[in-house]
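Trainee: I would like a close look at one part of this model and at what surrounds it.

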Amino acid sequence: MNIFITGASSGIGEALAHEYAKQSSLMRGANSMPESRTVIGLAARRIEPLQKLAADLHAQYQVTCAIYPLDVRNSAALQAAAADFIQNFGAPNIVIANAGVSRGTLTEHKEDISAFQAVMDINVMGMVHTFQPFIASMKAAGQGQLVGVASVAGIRGLPGAGAYSASKAAAISYLESLRVEMVRDNIAVTTIAPGYIRTPMTAVNDYKMPFLMDSDVFAHKFAGAVKNKRRFVVIPWQMGIVARLMRLIPPFLWDLAMKKAPHKKRIDWDWL
Ligand SMILES: NC(=O)c1ccc[n+]([C@@H]2O[C@H](COP(=O)([O-])OP(=O)(O)OC[C@H]3O[C@@H](n4cnc5c(N)ncnc54)[C@H](OP(=O)(O)O)[C@@H]3O)[C@@H](O)[C@H]2O)c1
């Protein structure tokens, strides 16, 4: 099994790498196979956590990891990473575009224009940059699965999160287009919309997060949804019910409901 994951240096991506490595080790044990048969490509900007994760997974599960320190906004960097991964390990079975950022934004602030650009570039174009260079090898192999991490925040516009909600709404529509495009090539496309998951991204939230789920529990459910080739799934399931209701609420009721909704604080954008 060959898997490529972006945003692997923390949170959900890191938990997914652990989950797939654990599954591979369990399968190896069950089949008494001495050699590791799973290769995981780990991509993110920070090299140190990627190196540590690769070393931990090798020590704990004897899994081979290839690390790719890169920015998903850089299409050429992903082209190079994909070429290297395919040359060394073959076409991936699963590519997970998980890298993403979330920050509070307000349109009235001129300084937030660059923030909007960055969030869209990372959360939307980063996904396109991640999938594109792998598709030809999957087509040639006659199999493969592209998995995109969206968000419940992409179902309706949330206050104070114009950039994030817009980026995740775009991701949801983009992934649906991709899914129907890829059907004839036997390449499955899965959209995962997480609710609130305990990661560094949500650690900064100072409001109550309903149905908050630990990242290892989430990763196990995520891998199950991918295995079952689900088209669109919200995890945890309770947030799936909330997401369905969100879709049904008419705009005037949504405005009322969002009047006092908590949201991420707007911050300065020197992190970009
Ligand atoms: N946690 C939640 O409740 C929640 C809910 C809904 C959706 N999500 C989505 O789940 C995904 C993972 O989030 P998380 O909660 O695990 O957050 P996280 O812990 O902050 O992880 C984000 C990951 O994305 C990587 N990343 C960010 N910008 C990047 C860039 N320009 N290029 C390459 N990698 C980049 C980060 O690595 P580097 O900093 O090393 O680059 C990190 O590995 C995101 O798409 C997020 O929107 C999360």
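Leaving aside its neighbours within four places in sequence, with which residues is Val95 in contact?

Mentor: This is a predicted model, in which local features need pLDDT of at least 70 and side-chain atom pairs count only at pLDDT 80 or more, while totals for chains, interfaces and linings use all residues. Residues are numbered from 1 along each chain as its sequence is written.

With neighbours within four places in sequence left aside, Val95 is in contact with Phe4, Thr130, Phe131, Phe134, Leu146 and Val147. Contact here means that the C-beta atoms of two residues, placed from the backbone, lie within 7 Å. Val95 also belongs to the largest nonpolar core, a set of 72 residues, and is among those with the most contacts inside it, together with Ile5, Leu16, Ala17, Ile40, Leu42 and Leu57. Such a core is a set of buried Ala, Val, Leu, Ile, Met, Phe, Trp, Tyr and Cys residues joined through C-beta atoms within 7 Å. A residue is buried if 20 or more other C-beta atoms lie within 10 Å of its own, exposed if 12 or fewer, and partly exposed in between, with C-beta atoms placed from the backbone. Helix H4 (residues 112-141) contributes eight residues to this core, the most of any element. Helices (H or I, at least four residues) and strands (E, at least two) are DSSP runs numbered from the N terminus.

One of the contacts of Val95, Leu146, leads on to the strands. Leu146 stands opposite Val189 in S6. Strand S5 (residues 144-149) and S6 run parallel and are joined by six bridges; two strands pair if DSSP finds at least two bridges between them. The chain passes from S5 through H5 to S6 in a right-handed β-α-β crossover. Right-handed means that, with the strands pointing away from the viewer, the path from the first strand over the helix to the second runs clockwise.

S6 itself is largely enclosed by the rest of the structure, because eight of its eight residues are buried. Ile187, Val189, Thr191 and Ala193 point one way from S6, and Ala188, Thr190, Ile192 and Pro194 point the other way. In a regular strand, side chains alternate between the two faces of the sheet. S6 also pairs with S9, again in the parallel sense, over four bridges. Ala193 has Val234 as its bridge partner in S9.

The loops next to these strands hold some backbone exceptions. Most residues other than glycine have a negative phi, and most peptide bonds are trans. Asn186, in the loop between helix H5 (162-182) and strand S6 (187-194), has a phi near 60°, a positive value in a residue other than glycine. Asn186 is partly exposed, because 13 other C-beta atoms lie within 10 Å. Lys229, in the loop between H7 and S9, is not a glycine and has a positive phi of about 50°. Lys229 counts as exposed because it has 10 C-beta neighbours inside 10 Å. The peptide bond from Ile235 to Pro236 is cis, with omega near 0°. Pro236 sits in the loop between strand S9 (232-235) and helix H8 (237-248).

Two other core residues named above, Ile40 and Leu42, lead to a second pair of strands. Strand S2 (residues 39-44) and strand S3 (residues 64-69) run parallel, with six bridges between them. Ile40 is paired with Cys65 in S3. S2, helix H2 (residues 47-61) and S3 form a right-handed β-α-β unit. Tyr68, in strand S3, is buried because 21 other C-beta atoms lie within 10 Å. Not counting neighbours within four places in sequence, Tyr68 is in contact with Gly41, Leu42, Ala43 and Ala81. Gln62, in the loop between H2 and S3, counts as partly exposed because it has 15 C-beta neighbours inside 10 Å.

Finally, the ligand. Its shell has 29 residues, the closest being Gly7, Gly11, Arg45, Gly100 and Thr199. Helix H1 (11-31) and helix H6 (200-203) are the elements that give two or more residues to that shell. A residue is near a molecule if its C-beta atom, placed from the backbone, lies within 6 Å of it. By class, the shell has 13 nonpolar, twelve polar and four charged residues. Ala, Val, Leu, Ile, Met, Phe, Trp, Tyr, Cys and Pro count as nonpolar, Asp, Glu, Lys and Arg as charged, and the others, Gly among them, as polar.
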